[in-house]
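Reader: I'm new to reading protein structures, and I'd like to understand the words people use for them. Could we look at one together?

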Amino acid sequence: MNCMKEPEILTIDAHCHLFNHEVLSWRLLVDFILSRMRPRGTRARLETAGGISELKRIIRFFKTGLMDTENIYGKLLAEGGCNTVVPLMFDLDYCMKGADGADGLRRRKACKRNVKREARKEWAVLRKELDELAEQAGRGDRREIGEMKQALRRLSRKTERLPLGKRDAFRMQEEELLKLAAAHPGRVLPFYVVDPRRPGNWLHGPDGTIDISPMTDRLVPELGGKGGFYGFKLYCPNGYSPTDPALMALYEYCERHGAPLTAHCSGGGFASFSTSITVHGHVYRNGEVVPHDGVLEFRHYRLTDKLRVKEKAELLNHPRLWEKVMEAFPRLRLNLAHFGCQDEGMEWTELIYGMMEKFPGLHTDLSCITETAKLREMREYFLKAPEQVRRKFLFGSDFYLNLLFLDGMKEYMENFRNTFTEQERQELMTANPSAFLGLS
């Protein structure tokens, strides 16, 4: 009698995040509490049809982020996530670099000093307005509101103890992911985040040469490195161009060694708070890619300015900029994440689809597409694609950032199962990401 178990089929989440409390610091308190609650007013938000649900999501988001990395990973698996994950690092230090203008604060230290006080006020206002809503609610609703108040009280106590940038959260994030990958070999495949401004990532010679070994040494030996990372992550709206000369040197190495990269490429997400940034390479301005080598001024930088992200996404992360990268390195294994999704229109999605037909190495993922109607639109592109393009679509969740937009990872997975057939899911979750990661 043969009692041997068949090997488990890999299902791969090619785009997720396992940020813990070391990352969930004052910087995310700024972005998620103040920017999400203040512009619309807490009372107005709670009285809308989805207001209570949105507040529950914010609570769930923070509760998840206040876990340790191992437990966040366990939560992802427990809620139906894939058995193999690609957690992507994020460089919050350089998202906030130059944040003098955030919410009108002139000095970064002042921003740090005041943000806990502002967050404390927001928690208190929420609790008070939940009290007022409870007085008008029925018995069952009052019980639910009471439970939310208790959750808010616990969260406010925990966020009071978050560090205000005293420790190197970036290096701690790196160490935590490497520790998790070592504990779960072959199932946790982390990507190291790249920012050409971060000291130590690059060595610049007096003759203009660029030594990228501090970056490439972080890769696993199979990719020519000495470390534990399986690829790189880029997030250009944080304040740099995809064609920065240091990055071009990195692309050459990655194309030669088959090292994969994932780049954020949608109209939303994070963006630098700076009023100006020194940018080297190219930007996208007035409908064309143009060289830029110097200070780039921004019109939108305040925390509550809804155009802040859009402006930097257009200037620094437009698909046409990535097209220039792919023209130089057509076999670069690059994933332009989120399939270029925007709040309005399909311009970026159409551009990325056309580039996938043109460049052998270009991929995309369907991460953080939480609306079923939008997911069905993305499936239409997948179904109409010729075979060589269809093989370059990847599944991703964007966990746990996706918790801000739906009621949990189970819902995200259910939406995906209801949209794609079993055969299509096998392509998106097993065959395609295995090839992208060099596992097959």
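Author: Happy to; this is a predicted model, and we can take its helices and its sheet in turn.

Reader: Why is H14 called roughly perpendicular to H17?

Author: The axes of H14 (residues 372–384) and H17 (residues 422–436) cross at roughly 90°. Angles of 65 to 115 degrees count as roughly perpendicular, so H14 is roughly perpendicular to H17. The two axes come within 13 Å.

Reader: Which residues of H14 and H17 meet?

Author: On the H14 side they are Arg379, Phe382 and Leu383, and on the H17 side Glu424, Glu427 and Leu428. This contact has 3 nonpolar and 3 charged residues, and no polar ones.

Reader: Now the sheet. What makes S3 and S12 edge strands?

Author: The open sheet has 6 strands in the order S3-S6-S7-S10-S11-S12, with parallel pairing. Strand S3 (191–194) and strand S12 (393–394) each have a single partner strand, so one side of each is left without a neighbour in the sheet.

Reader: How do you know that S11 and S12 pair?

Author: Pairing needs at least two bridges. S11 (residues 362–365) and S12 are joined by 2 bridges and run parallel, so they meet that cut-off. In this pair, aspartate 365 stands opposite leucine 394 of S12.

Reader: Which helix packs on the sheet there?

Author: Helix H13 (residues 347–358) does, touching S10 (334–337), S11 and S12. The direction of H13 makes about 140° with that of S11. Roughly antiparallel needs an angle over 145 degrees, so this one counts as oblique.

Terms used. Residues are numbered from 1 along each chain as its sequence is written. This is a predicted model: local features need pLDDT of at least 70, side-chain atom pairs count only at pLDDT 80 or more; totals for chains, interfaces and linings use all residues. Side-chain values use heavy atoms; hydrogens and water are left out. Axes are lines fitted to C-alpha atoms, for helices over the stretch in contact, and angles run from 0 to 180 degrees between N-to-C directions. Helices (H or I, at least four residues) and strands (E, at least two) are DSSP runs, numbered from the N terminus. Angles under 35 degrees count as roughly parallel, over 145 as roughly antiparallel, 65 to 115 as roughly perpendicular and the rest as oblique. Contact means heavy atoms within 4.5 Å. Ala, Val, Leu, Ile, Met, Phe, Trp, Tyr, Cys and Pro count as nonpolar, Asp, Glu, Lys and Arg as charged, and the others, Gly among them, as polar.
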